[in-house]
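Visitor: Hi, I have a chain open on my screen and would like to talk it through. Could you take my questions as they come?
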Amino acid sequence: MSAVSLSSAPARPKLRFGALWLAVPGLLFLAVFFVYPVAQLLGLSVVDPESGAFSASAYQRIAATDVYLRVLGITFRIAGWTAIWSLLIGYPLAYWIARLPDLFRGRMLLFVMVPFWTSYLVKTFAWMIVLGRSGIINSLATGSGIADEPLPLLHNQFGVMVGMVHAMVPLAVMTMLPVMTGIDRRLVQAAQTLGAAPARAFWLVYFKLSLPGVAAAGLLVFISSLGFFIVPAFLGGRQETMLAQLIITQVQELLNWSFAGALSAMMLAAALVSCVIYDRLFGLSTIAGGSAQVGTGRIRNLGLAVLSAVATLAGHLATLARSLFGKRASALLLPGFCWLVIAFLVLPTLLVIPLAFTSSQFLEFPPPGYGLSWFQAYFSSPLWIQATIRSFAVAFVTAIAATAIGGFTALALANSRTRWGGLIFAFFLAPMIVPRIVIAVGLFYLFARLGLIATDLGLVIGHTVLAIPFTLVTIAAVLKTYDQRLDQAAATLGANRLRTLTGVTIPLVKGGLVAAFLFAFITSFDELTIAIFVSGGIKTTLPKQMWDDMILQLNPTLAAVSVVVFVVVTVMLLLAERFRSSS
């Protein structure tokens with residue numbers, strides 16, 4: 001009887017290894033090295049450094065001191081204007097590229113992607129050469145008689161805005177472009193067939209459909225600009241000091257963790273409020289190219305009314321342009337403007353190249369002669385070579401770790417239909433949204449107690465946190481077009497999950513994996529914020545060494561180093577695009 005009862009008892013359900021378990025390593029990694037350090041830093045802002053008791057003195061100090069309130073205002077103002085100008089300049093370029101045939105679109109996109117991935121230090125150094133008192137523009141202006149004395153183009157708000165907009169326009173274009181390429185052009189043609197003027201059809205149909213991309217670009221540019229310190233440090237003056245510069249001073253010079261935490265909390269709060277507003281209007285998934293859920297009600301009606309007014313005004317301006325320039329010349333206005341924007345993005349960095357080959361002891365344009373002495377100085381310097389080797393080694397290990405974490409997470413989300421998928425995806429994108437300076441200071445405080453300051457492992461961990469969003473987005477885009485039935489067929493033929501992954505999935509998406517690896521490599525190779533805190537002045541990387549030299553004095557060796565960094569990044573980027581397009 002007992003045997004019968006035992007045999008008839010229902011079998012206990014087996015614990016099944018669901019797809020989301022593949023995301024667990026990444027979740028744990030980010031929880032330990034992203035969420036915990038940031039939360040701990042924010043916790044320090046409400047703790048008295050002497051007694052350890054709860055205290056809001058840091059926030060009271062900010063509210064009661066005009067200097068800090070002024071810096072907050074400057075930070076938000078510069079970030080806001082950077083977002084506005086980046087959208088105004090970047091939207092026509094993104095629109096023009098989106099209308100190009102696929103073959104030409106890929107080629108033109110390189111003119112945006114190369115400046116996007118080029119180191120901020122290299123771009124800032126280029127603008128210091130272009131805008132300086134004895135720089136290229138002032139040399140041409142005074143030499144041609146246009147100006148009697150050098151123009152004040154640097155160490156003021158103009159210099160900061162030029163550098164910030166130059167750095168952020170590629171980000172705006174790269175964010176808007178996926179949304180624009182997904183818009184069906186026949187919708188605009190249908191509107192014109194029904195009698196709408198071209199300008200009205202564009203604003204009420206095309207622009208309305210591209211609005212989620214525009215808002216996503218504005219969001220990312222604004223948040224990224226909040227944590228900027230490289231551009232204002234070198235191109236601005238005391239009147240353009242931003243919040244990130246104050247945080248660096250509080251940590252490195254004053255060791256005031258409580259006050260640094262309060263400043264970081266205010267920066268993070270501004271970023272989160274921006275994300276919440278955007279999520280309510282469009283949904284955060286549109287940042288990665290997902291479909292938008294545009295708000296309804298009064299906001300929608302107000303937006304339609306504004307678009308209608310803009311469409312009417314644009315129609316009048318288009319008629320005026322055709323009457324002044326003619327139909328053919330008017331059609332060239334958009335391509336002409338876009339080529340000017342491309343020149344604005346590309347030329348400053350290219351102008352550094354001849355300076356790297358100068359025979360002069362100083363940075364002067366055009367160079368009085370040419371030679372390889374500054375490259376010899378770079379390659380014969382143990383300090384520069386050690387920094388370069390360390391950057392390559394750290395970037396290689398970072399790329400492996402970030403690609404593995406991002407790849408398994410993308411695979412988990414692609415094979416799972418759980419309601420938690422969107423939340424997990426947003427969590428992995430968080431390091432791209434939280435200002436880098438906040439992440440860097442949080443890791444610095446954590447690593448100081450773990451003994452990871454001035455170690456390569458500390459650099460790899462910090463860089464991996466920043467690189468994971470890029471690998472996840474890259475691999476997830478490839479998996480969207482992957483046919484899951486191939487995995488099912490392999491399972492039907494007897495392959496287990498590991499064999500299916502290594503024998504079917506990975507070989508078919510290897511192009512996307514290689515592209516993600518290279519993007520992570522570039523992210524680490526160019527990274528400065530983490531290196532400033534974690535390197536400890538001993539385990540310096542190439543960007544950190546450039547930062548130290550630029551603070552002391554500009555010299556042709558920096559031009560040679562900038563060319564090396566530019567070539568490495570460009571080669572990696574071209575390879576990444578080739579593998580991504582072939583996947």
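Visitor: Let's start with D184, is that residue buried, partly exposed or exposed?

Guide: In this predicted model, D184 is partly exposed, since its relative accessible area comes to 31%.

Visitor: And which residue does D184 form a salt bridge with?

Guide: The partner of D184 is R186, and the closest N and O atoms of the two are 2.8 Å apart. R186 is itself exposed, because its relative accessible area of 58% lies over the 50% limit for that word.

Visitor: How many salt bridges does the count come to?

Guide: The count comes to 3 salt bridges. Another of them joins R390 to D456, with 3.2 Å between the closest N and O atoms. This pair links distant parts of the chain, as R390 belongs to helix α19 (residues 382–414) while D456 belongs to helix α22 (residues 456–480), and the two residues are 66 apart.

Visitor: What about exposure there, is R390 buried or exposed?

Guide: R390 is buried, because its relative accessible area of 17% is under the 20% cut-off. Its partner D456, at 33% relative accessibility, counts as partly exposed.

Visitor: Which residues make the bridge in helix α27?

Guide: That one is formed by D548 and K544, whose side chains meet at 3.0 Å, counted from N to O. Both residues lie in helix α27 (residues 542–552), where a separation of 4 residues amounts to about one turn of the helix. D548 counts as partly exposed at 27% relative accessibility, whereas K544 counts as buried at 8%.

Visitor: Let me zoom out a bit. How many helices and strands are in the chain?

Guide: The chain has 28 helices and 0 strands. It is made of 583 residues, and 51% of them count as buried.

Visitor: What share of the contacts join residues that are at least 24 apart?

Guide: If you take the contacts between residues at least 6 apart in sequence, 78% of them join residues at least 24 apart.

Visitor: And how much surface does the chain expose?

Guide: About 28,000 Å² is exposed, and carbon and sulfur atoms supply 67% of that area.

Visitor: Now the inside. Which residues touch the most other members of the largest nonpolar core?

Guide: That core has 180 residues, and the ones touching the most other members are Y91, L93, W117, M176, Y206, I437 and F533. The helix that gives the most to this core is α4 (residues 66–99), which contributes 16 residues.

Visitor: Take L93, then. What is L93 in contact with?

Guide: Once its neighbours within four places in sequence are set aside, L93 is in contact with V112, V173, C338, V341, I342 and L345. You may also want to find F337, as its C-alpha atom is separated from that of L93 by 8.0 Å, although the two residues are 244 apart along the chain.

Visitor: Where does F337 lie, and what does F337 touch?

Guide: F337 lies in helix α16 (residues 333–350). Not counting residues up to four places away in sequence, F337 touches I89 and P92. With a relative accessible area of 34%, F337 is partly exposed.

Visitor: Switching to the outside, which residues make the nonpolar surface patch?

Guide: The patch is made by L313, L317, L320, L324, F325 and L333, and it covers about 620 Å². Helix α14 gives the most to this patch, with 5 residues, and L317 is one of the residues placed in that helix.

Visitor: What about T319, which helix is that in?

Guide: T319 lies in helix α14 as well, which covers residues 298–325. Its relative accessible area is 45%, so T319 is partly exposed. From T319 to S330 there are 11 residues in sequence and 9.8 Å in space, taken from C-alpha to C-alpha.

Visitor: Last one, S258. Is S258 buried or exposed?

Guide: S258 counts as buried, because its relative accessibility is 8%, and you will find it in helix α13 (residues 257–281). A polar atom of the S258 side chain lies 3.3 Å from the backbone oxygen of L44. Leaving out neighbours within four places in sequence, the residues in contact with S258 are L44, S45, V47, P49 and A58.

Technical notes
Residues numbered from 1 in each chain as written. Predicted model: local features only at pLDDT ≥ 70, side-chain atom pairs only at ≥ 80, totals over all residues. Heavy atoms only, no water. Buried < 20%, exposed > 50% of the residue type's maximum accessible area, 1.4 Å probe, protein only. Contact = heavy atoms within 4.5 Å. Areas by Shrake-Rupley, 256 points an atom, 1.4 Å probe, with all protein chains shown as cover. Core = buried A, V, L, I, M, F, W, Y, C linked by side-chain atoms within 4.5 Å. Polar contact = N/O pair within 3.5 Å; in protein donor to acceptor, adjacent residues only side chain to side chain. Salt bridge = Lys/Arg side-chain N within 4 Å of Asp/Glu carboxyl O. Patch = residues over 30% accessible without salt bridge, like charges linked within 9 Å, V, L, I, M, F, W, Y side chains within 5 Å.
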